Amino acid sequence: MTEYEMTDIIMSRFGHMTDQASLYFALVSGYLITAYIVGARLTRLQVTVVNTLYCLWTVGILGGYINTVSDTIELERAIRGAGATPAAGKISDSSFAAYSFAIVQAIGIIASLIFMWSVRHPKTE
C-alpha cells in the first residue's frame with residue numbers, strides 16, 4: 001500500500017469519526033428530549049425498552065469510534081514507519097487526546113441515564 005493510499009484511508013476515517021460523532025449527538029439529543037417531555041409518563045416496560053435500545057446503540061457508536069481511532073493511529077504509525085510524514089494529521093503522538101472524545105461520550109451516556117432517572121423520580125419538597 002502506498003503512502004497516498006494510507007493517507008487517503010486516514011482521511012476517510014476522520015470523516016467516519018465525524019459521522020459517528022454526529023450520530024451520537026443526535027441520539028443523545030433525542031433521548032434527552034424524550035426523557036424531558038414524556039419520561040415521567042412512560043411505563044417501566046417502556047423505559048426499559050428505550051434505555052436498552054439507547055444504551056446498545058450509543059455504546060455501539062462509542063465502540064466504533066474507538067476502533068476507528070485505533071485503526072487510524074495504526075495507519076499513521078505505518079506511514080511514519082515507511083519514513084514519510086502523513087498529510088492527514090498527527091494524532092498518534094497524543095493518544096489520550098485522540099481517545100478523550102470517547103471518554104466524553106461515555107460520560108454523556110451515563111449523564112443521560114441519570115437525567116432520565118431524575119425526570120422519573122423527582123424530589124418532592
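## Salt bridge between the helices

R13 and D71 form a salt bridge in this predicted model, with 3.2 Å between the closest N and O atoms. R13 belongs to helix α1, which covers residues 3-38, and D71 to helix α2, which covers residues 44-81, so the pair ties together parts that lie 58 residues apart in sequence.

Both partners fall between the limits of under 20% for buried and over 50% for exposed. R13 has a relative accessibility of 26% and is therefore partly exposed. D71, at 35%, also counts as partly exposed.

## Salt bridge within α2

The search of the whole structure finds 2 salt bridges. Besides the R13 pair, E74 and R77 meet through their side chains, with an N to O distance of 3.6 Å. This lies within the 4 Å cut-off for a salt bridge.

E74 and R77 are 3 residues apart in helix α2, so about one helical turn separates them. An α-helix has 3.6 residues a turn, so residues three or four places apart point the same way. E74 is partly exposed, its relative accessible area being 49%. R77 is partly exposed as well, at 42% relative accessibility.

## Length and end of α2

Helix α2 has 38 residues, and at 1.5 Å a residue its expected span is 56 Å. The C-alpha atoms at its ends are 54 Å apart, which agrees with that expectation.

Just after α2 comes G83, where phi is positive at about 90°.

Methods. Residues are numbered from 1 along each chain as its sequence is written. This is a predicted model: local features need pLDDT of at least 70, side-chain atom pairs count only at pLDDT 80 or more; totals for chains, interfaces and linings use all residues. Side-chain values use heavy atoms; hydrogens and water are left out. Helices (H or I, at least four residues) and strands (E, at least two) are DSSP runs, numbered from the N terminus. Buried means under 20% relative accessible area, exposed over 50%, partly exposed in between (1.4 Å probe, protein chains only). The expected span of a helix is 1.5 Å times one less than its number of residues.
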